[in-house]
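Student: I have a sequence and a model on screen. Could we go through how its helices pack?

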Amino acid sequence: MRINWAILLGLAFVIAENAIVPWLIPPGWSDRLLPHLTFILTIFVAGYAGRHPAFLFGLGFGLLQDMLAYGHLIGPYGFGMGLIGYLAGLLSEYKSYTISLFSWAVLVFGLLLDSIVYSIYNLFRLTDLQFAHVFYWQVAPTALLQLLIALLLYVPVRRYLVKASLSPGEDNPE
């Protein structure tokens, strides 16, 4: 795993997530769809670098997102992305990281990330919305959009970040 390239790509994703993506989402859906590109990259780091780099990657970029864009508290995205990076890294240690496992991880951990953030906001009474409303209105559509983006980015990001581990004469096992 080229972790230095992952950090540079993460910074590019932060810029794109905060400067370009809001222009691409229609105004009526801007409070409904909040794709987290650095979260998707955290899942990549978890799968190909391990749980500890993914934890630090998620924690760092989550705290950066908390400071840049998301509002009332500093820490919910840092905590959520750090925890999910660690859990996804644990998952990758037990199972081979294929596209189906990656898709499942992006969908389930995307739901978990937004649920963690909602729970923290609800704990500190910064929201009075019911979880069913938030899940239907924001969490589920965002997770599906993240899954679509992750599937579109799977092959290019994997080729870009993963070092060739085979010598030139060996066959690729995939």
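**Helix packing and the core**

Tutor: This is a predicted model. In it, helix α2 (residues 37-49) packs on helix α6 (residues 131-161) at an angle of about 50°, and their axes are 10 Å apart.

Student: Is α2 parallel, antiparallel, perpendicular or oblique to α6?
Tutor: The angle between α2 and α6 is about 50°. Angles under 35 degrees count as roughly parallel, and 65 to 115 as roughly perpendicular. The angle therefore makes the relation of α2 to α6 oblique.

Student: Is the crossing of α2 and α6 left-handed or right-handed, and what classes of residue make the contact?
Tutor: The crossing of α2 and α6 is right-handed. From α2 the contact takes L37, F39, I40, L41, F44 and Y48, and from α6 it takes Q146, I149, A150, L153, Y154, V157, R158 and L161. By class, the residues of this contact are twelve nonpolar, one polar and one charged.

Student: Is Q146 buried or exposed?
Tutor: Q146 lies in helix α6. Buried means under 20% relative accessible area. Q146 has 0% relative accessibility and therefore counts as buried.

Student: Which residues does Q146 contact, leaving aside its neighbours within four places in sequence?
Tutor: Q146 is part of the contact between α2 and α6. I40, for its part, is in contact with F102, Q146, I149 and A150, leaving aside neighbours within four places in sequence. With the same neighbours left aside, the contacts of Q146 are L34, P35, H36, F39, I40, V106 and G110.

Student: Which residues have the most contacts inside the largest nonpolar core, and which elements give two or more residues to this core?
Tutor: The largest nonpolar core holds 37 residues, and F39, I40, L41, I43 and F102 have the most contacts inside it. The elements giving two or more residues to this core are α1 (3-24), α2, α3 (51-68), α4 (76-94), α5 (99-123) and α6.

Student: Is α4 roughly parallel or roughly antiparallel to α5?
Tutor: The axes of α4 and α5 come within 9 Å and cross at roughly 150°. Angles over 145 degrees count as roughly antiparallel. The crossing angle therefore makes α4, relative to α5, roughly antiparallel.

Student: How many nonpolar residues are in the contact of α4 with α5?
Tutor: α4 passes α5 in a right-handed crossing. Residues of α4 including Y77, F79 and L83 meet residues of α5, among them W104, F109 and I116. The contact has one polar and one charged residue, and its nonpolar residues number 19.

Definitions and conventions. Residues are numbered from 1 along each chain as its sequence is written. This is a predicted model: local features need pLDDT of at least 70, side-chain atom pairs count only at pLDDT 80 or more; totals for chains, interfaces and linings use all residues. Side-chain values use heavy atoms; hydrogens and water are left out. Axes are lines fitted to C-alpha atoms, for helices over the stretch in contact, and angles run from 0 to 180 degrees between N-to-C directions. Helices (H or I, at least four residues) and strands (E, at least two) are DSSP runs, numbered from the N terminus. A crossing is left-handed if the near helix is turned anticlockwise from the far one by less than a right angle, and right-handed if clockwise. Contact means heavy atoms within 4.5 Å. Ala, Val, Leu, Ile, Met, Phe, Trp, Tyr, Cys and Pro count as nonpolar, Asp, Glu, Lys and Arg as charged, and the others, Gly among them, as polar. A nonpolar core is a set of buried Ala, Val, Leu, Ile, Met, Phe, Trp, Tyr and Cys residues joined through side-chain atoms within 4.5 Å. Buried means under 20% relative accessible area, exposed over 50%, partly exposed in between (1.4 Å probe, protein chains only).
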